[in-house]
Each structure stands twice: as C-alpha cells, then as structure tokens.
Amino acid sequence: MKIFLFSSLILLSLSIFGQTKLGLKLAPVVASNRVTNDAQNFDKDGSALKLSVGLVVDKPLSDSYFLSTGVTYLPKQVAFKNDTLAESYKSQYLQIPVSLKLFTNEVAPDFKVYFQVGTGVEIKVFDEPEEADFVLVESLNPIDFSVILGAGVEFRAGLSTTLFGGISYQRGLVNAINDTTVPGTDDLQVRNTIVSIDLGVKF
C-alpha cells in the first residue's frame, strides 16, 4: 500500500504540467493461466473474476498519440491441476504500465475510439495459498512483465472531464512460480493471462 501511495503522489505531481490528464480506473478482470511442463501432466485450472483499481496518467505527444502510464493494483491467481492434485494461489501485484494510445477522429459528437499497445512492470505485494492439496509451490516470482493490448472509447463529458471504457488483454511473460517443494518439478511453468474491462474517468 505504501508503494501504491508513493507512486500515486509522483504521478500526481507529474500531471500538473502541460495538458496531462489524470484519472481513476475500475476494472473487473478475468485472471487465468497458461501452464506448460515436460515431466508432469499439469494443466490450467479454470479462471477467476477479480477487481483491479488504478491511477491513470495520459500525456499527449500529438493530437492523436498519447503516452499512457499510471499505477494499478492488479490481483492474479496461479492455478493448476493434474490427475492427483489441484492447487491455486492468490497473488496481488502493483503494475506500472507504459503504453501508447492512438486516438481516431471523432466517430460521433464527443466520442473517440482508441487503440493501445504497451507493456507493464509488476511487483508482487502479497500471495497466499487459496486451495492447495499439498502446497507444491514454495514461493511465487516477485516480479512479472506483461504485454498489454487494448481498445476502447472515450467520451468528453465536459470541459475537463472525460469518461472512458474499453477492453484490454494482458499476457504475462515471466513464470509465476519461483520455486517448488518437490525435486523434479522445476520445469513447471505458469504464466498469467488477464482480460480486463476498463472503466474510468479522467480530469
């Protein structure tokens, strides 16, 4: 929480310069995994609906291009199973996304469509077993990097207020499992996948 507040204060101070927009985002997310392994017959074990919140900072580079960053509380899960066990672990990250937003011309009065591409650096702040038959995972990776792709619409609701809504896909690149308790299971690879419905307001 202290990291979140500190990062928010830095981004807030940056937003006072120029035409930078500062906003808040509320995002229901569907968290799932991609599981690969050589020696064991593990597979992913479903998905989970979670809620993410964050601070959004959009800095204009031109009339159509914006640099978008911020800080986001992002819950995830690590869930896998085989014929003999099923395990899942809660994990919570603070994400610092850096992406480029491309806006179209107005498609309707005060409405614009945007497309987004970028990456996110994520720092784990909490984890615990949620359902573990054996507790195979000794520790989760403290960091992750994600590719972020998104699209949505923005509506100018006033002179300085903008509402936005969209959908984004985040593909984790780092194995979420840092270490296991059983020798010979080091090849277990679990990477996160997030589908997010992004709703918010900018000022």
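Mentor: Let us begin with a classification: Ala, Val, Leu, Ile, Met, Phe, Trp, Tyr, Cys and Pro count as nonpolar, Asp, Glu, Lys and Arg as charged, and the others, Gly among them, as polar. The structure is a predicted model, in which local features need pLDDT of at least 70 and side-chain atom pairs count only at pLDDT 80 or more, while totals for chains, interfaces and linings use all residues. Residues are numbered from 1 along each chain as its sequence is written, and side-chain values use heavy atoms, with hydrogens and water left out.

Trainee: Which helices and strands make up the secondary structure of the protein chain?

Mentor: Helices (H or I, at least four residues) and strands (E, at least two) are DSSP runs, numbered from the N terminus. Here the protein chain has one helix and 11 strands, in the order α-β-β-β-β-β-β-β-β-β-β-β from the N terminus on. A contact joins heavy atoms within 4.5 Å. Among contacts with a separation of 6 or more, 70% link residues 24 or more positions apart.

Trainee: How should I read a nonpolar core, and which residues have the most contacts inside the largest one?

Mentor: In soluble globular proteins, nonpolar side chains tend to be buried together. Buried means under 20% relative accessible area, exposed over 50%, and partly exposed in between (1.4 Å probe, protein chains only). A nonpolar core is a set of buried Ala, Val, Leu, Ile, Met, Phe, Trp, Tyr and Cys residues joined through side-chain atoms within 4.5 Å. In this chain of 203 residues, 45% are buried. The largest core has 13 residues, with the most contacts inside it made by Phe-42, Val-78, Phe-80, Ile-177, Leu-188 and Val-190. Strand S4 (65–81) and strand S7 (137–140) are the elements that give two or more residues to this core. Leaving aside residues up to four places away in sequence, Phe-42 touches Phe-80, Leu-136 and Leu-188, among others.

Trainee: How is empty space described, and how much lies in the largest pocket?

Mentor: Rolling a probe the size of a water molecule over the atoms shows where empty space is left. On a 1 Å grid over the protein atoms alone, a cavity is a set of points where a 1.4 Å probe fits but cannot get out; a pocket is an open set with protein on both sides within 12 Å along at least five of seven lines; lining residues have an atom within 4 Å of a point. Grid points are joined across faces, edges and corners, and a volume is the space filled by probe spheres set on the points. The largest pocket holds about 470 Å³. Its lining has 17 residues, of which Lys-21, Phe-66, Lys-112, Glu-154 and Thr-162 are the closest to its centre. Five of the lining residues are nonpolar, four polar and eight charged.

Trainee: How many cavities of 30 Å³ or more does the structure hold?

Mentor: There are two. The largest cavity contains about 200 Å³, and strand S5 supplies the largest share of its lining, four residues. That lining divides into six nonpolar, eight polar and three charged residues. The second largest cavity has about 30 Å³ of space, and S1 gives the most to its lining, with three residues. Three nonpolar, five polar and two charged residues line the second largest cavity.

Trainee: Where is Asn-178 found?

Mentor: Asn-178 belongs to strand S10 (residues 177–180). With a relative accessible area of 46%, Asn-178 is partly exposed. Beyond residues up to four places away in sequence, Asn-178 touches Ser-139, Leu-140 and Asn-141.
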